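Got your viewer open and your mouse ready? Let's take a walk through this one together, one selection at a time.

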Amino acid sequence: MNAKQMVLLLAVLTTGLLSGIFFGFEVSINPAFARLNDAAYITAMQAINDVIVNPVFISVFLGAAILLPLAALQQEGRRRNLLWMAAALYIAGVLGITFVCNIPLNEALAKVTVSGASAEQLQTAREQFAAPWNMWHTTRTYAGIIATAIAIAACLRKEA
């Protein structure tokens with residue numbers, strides 16, 4: 001395997017891994033969390049938001065944003081075009097949404113102190129967080145899945 005193939009492999013792998021994380025959250029964690037009371041929901045989301053920022057996740061999350069454009073630069077023809085499309089979709093639809101929408105909501109939720117808060121305060125905090133966070137999470141999940149599919153399609157194209 002040469003360096004160009006390795007970059008392409010890592011670009012597709014990181015994009016797929018990140019999309020898989022988001023997909024898993026979408027189809028299992030979000031529905032499970034919907035069953036939790038407000039205090040448990042907020043506590044659980046705060047815990048996830050704390051542990052998700054780790055070197056492995058960040059390497060995959062940012063790695064795809066770096067490796068997709070790098071892979072596109074190394075390719076030619078239709079394969080290059082597909083990789084640029086995947087990169088644009090990933091950067092805008094996954095990275096962009098995460099930084100502009102999900103992270104600010106996570107930061108606001110981190111300021112909520114569950115112990116000592118009234119039921120009304122917890123309900124309000126959850127209402128301000130859950131619906132917009134889930135909407136943006138669903139959007140970035142679809143963007144990641146589509147970016148992954150496009151990157152895989154690029155791999156299936158014959159080299160120019």
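**First stop: Asn102**

Start by selecting Asn102, which you'll find in helix 4. Keep in mind as you look around that this is a predicted model. Is Asn102 buried or exposed? Its relative accessibility is 0% and the cut-off for buried is under 20%, so Asn102 counts as buried. Now show what surrounds it: setting aside residues up to four places away in sequence, Asn102 touches Ile97, Trp133, Trp136, His137 and Arg140.

**Zoom out**

Time to see the whole thing. Switch to a cartoon view and count along: the protein has five helices and zero strands. From the N terminus on, the order reads α-α-α-α-α. Taken along the principal axes, the C-alpha atoms fill a box of roughly 65 × 25 × 25 Å.

If you colour by burial, buried residues come to 39% of the 160 residues. How much of the contact list joins residues far along the chain from each other? Take the contacts with a separation of 6 or more: 81% of them are between residues 24 or more positions apart.

**Stay in helix 4: Ala86**

Next, select Ala86, another resident of helix 4. Ala86 counts as buried because its relative accessibility is 0%. Leaving out neighbours within four places in sequence, Ala86 is in contact with Leu68, Ala147, Ile150 and Ala151. Want to try the distance tool? Click the C-alpha atoms of Ala86 and Glu26: they sit 21 Å apart in space, with their positions 60 residues apart in sequence.

**Hop to helix 1: Ser19**

Now jump to Ser19 in helix 1. With a relative accessibility of 5%, Ser19 counts as buried too. Which residues does it touch? Not counting those up to four places away in sequence, Ser19 touches Gly144, Ile145 and Thr148. Show side chains for Ser19 and Thr148, and you can pick out a polar contact between the two side chains, at 3.0 Å.

**Walk along helix 2**

Select residues 38-52 to light up helix 2. Here's a little sum to follow: at 1.5 Å a residue, its 15 residues should span 21 Å, and the end C-alpha atoms are indeed 21 Å apart, so the two values agree.

Just before the helix, pick Asn37. This residue caps the N-terminal end of helix 2, with a side-chain oxygen 3.1 Å from the backbone nitrogen of Ala39.

Which residues of helix 2 are buried? Highlight Tyr41, Ile42, Ala44, Met45, Gln46 and Asn49. Look at the numbering with this in mind: an α-helix has 3.6 residues a turn, so residues three or four places apart point the same way. Then turn on the neighbours: the cover over these buried residues includes helix 1 (3-33), helix 4 (77-110) and helix 5 (119-156).

**Last stop: the largest pocket**

Finally, go looking for some empty space. Rolling a probe the size of a water molecule over the atoms shows where such space is left. The largest pocket holds about 490 Å³. Its lining is made of 24 residues, and those nearest the centre are Asn49, Ile52, Val53, Phe57 and Asn106. Helix 1, helix 2, helix 3 (55-74), helix 4 and helix 5 each give two or more residues to that lining. Which helix gives the most? That's helix 4, with seven residues. Colour the lining by class and you get 15 nonpolar, six polar and three charged residues.

Technical notes:
Residues numbered from 1 in each chain as written. Predicted model: local features only at pLDDT ≥ 70, side-chain atom pairs only at ≥ 80, totals over all residues. Heavy atoms only, no water. Helix = DSSP H or I, 4+ residues; strand = E, 2+ residues; numbered from the N terminus. Expected span 1.5 Å × (residues − 1). Buried < 20%, exposed > 50% of the residue type's maximum accessible area, 1.4 Å probe, protein only. Contact = heavy atoms within 4.5 Å. Polar contact = N/O pair within 3.5 Å; in protein donor to acceptor, adjacent residues only side chain to side chain. 1 Å grid on protein atoms, 1.4 Å probe; cavity = no way out; pocket = protein on both sides within 12 Å on 5 of 7 lines; lining within 4 Å. Points joined across faces, edges and corners; volume = space filled by probe spheres on them. Nonpolar A, V, L, I, M, F, W, Y, C, P; charged D, E, K, R; others polar.
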